[in-house]
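Please walk through this model with an eye to how its interior is packed and where space is left unfilled.

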Amino acid sequence: DTDAHDYAVQVLSSTPSDAVIIADTDAHIFSLWYLRYVESTEPAEVVVAKGLFHYQWYRDTLGWHHPQIILPEIQAEPQAQLFAFIDANLPHRPIFLTDPDDEILDRYTHTQVGTLYKLGVKG
């Protein structure tokens, strides 16, 4: 069964190497992490686990592995932390969602690119 691998290849081949991909389900997160961090040897997309983003240890790990992304210090509820992250990085790099999130999609303009949602300016 190669569904997970095929999904990750499709996503990573359809996004630019400076993209941030916010993944929300285990199937998407783990397949993207595997391809990105195990099989890939080149600098590539940053894969963010949406469900872990509110943990300080996770944001610290992201910052250590990806010093090119902006991680604003904000002590707020989880969705506000994610919005601050998107707001800080969106002017500098493309951001994609693997899964629809009504709060995020209502806040930002967006287009669908294959199975992904590419975020644009605040709506």
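**Cavity, core and helix faces**

In this predicted model, the largest cavity is lined by F53, R59, L71, P72, I74, Q81 and F85. Sorted by class, that lining consists of five nonpolar residues, one polar residue and one charged residue. Rolling a probe the size of a water molecule over the atoms shows where empty space is left. The space inside the largest cavity comes to about 40 Å³, and the count of cavities of 30 Å³ or more is one.

One of the lining residues, R59, leads on to helix α3, which spans residues 56–65 and has Y58, R59 and L62 as its buried residues. Viewed down the axis of α3, these buried residues fall within an arc of 100°, so they line one face of the helix. W57 and W64, by contrast, are exposed on the other side of α3. The cover over the buried residues of α3 includes α2 (26–39), β2 (46–49) and α4 (78–89).

Beyond α3, in the loop that runs between α3 and α4, sits H66. Is this loop residue, H66, buried or exposed? H66 has a relative accessible area of 3%, and because buried means under 20% on this scale, H66 counts as buried. When neighbours within four places in sequence are left aside, the contacts of H66 are with R36, Y37 and V46.

The packing can also be followed from the nonpolar core, the largest of which has 34 residues, with L32, V48, I86 and L119 having the most contacts inside it. Of these, V48 can be traced outward: apart from its neighbours within four places in sequence, V48 is in contact with V20, I21, I22, A23, F53, Y58, L62 and F85. Two of these partners, Y58 and L62, are among the buried residues of α3, while F53 and F85 are among the residues that line the largest cavity.

Helix α1, which covers residues 3–13, can be read in a similar way, with Y7, A8, V11 and L12 as its buried residues. Around the axis they cover an arc of only 120°, which puts them on the same side of α1. The exposed residues D3 and S13 are carried on the face of α1 that is turned away from its buried side. On the buried side, the residues of α1 pack against β1 (20–23), α2 and β5 (116–122); α2 is also included in what covers the buried residues of α3.

Terms used:
Residues numbered from 1 in each chain as written. Predicted model: local features only at pLDDT ≥ 70, side-chain atom pairs only at ≥ 80, totals over all residues. Heavy atoms only, no water. Buried < 20%, exposed > 50% of the residue type's maximum accessible area, 1.4 Å probe, protein only. Helix = DSSP H or I, 4+ residues; strand = E, 2+ residues; numbered from the N terminus. Arc of directions from axis to C-beta. Contact = heavy atoms within 4.5 Å. 1 Å grid on protein atoms, 1.4 Å probe; cavity = no way out; pocket = protein on both sides within 12 Å on 5 of 7 lines; lining within 4 Å. Points joined across faces, edges and corners; volume = space filled by probe spheres on them. Nonpolar A, V, L, I, M, F, W, Y, C, P; charged D, E, K, R; others polar. Core = buried A, V, L, I, M, F, W, Y, C linked by side-chain atoms within 4.5 Å.
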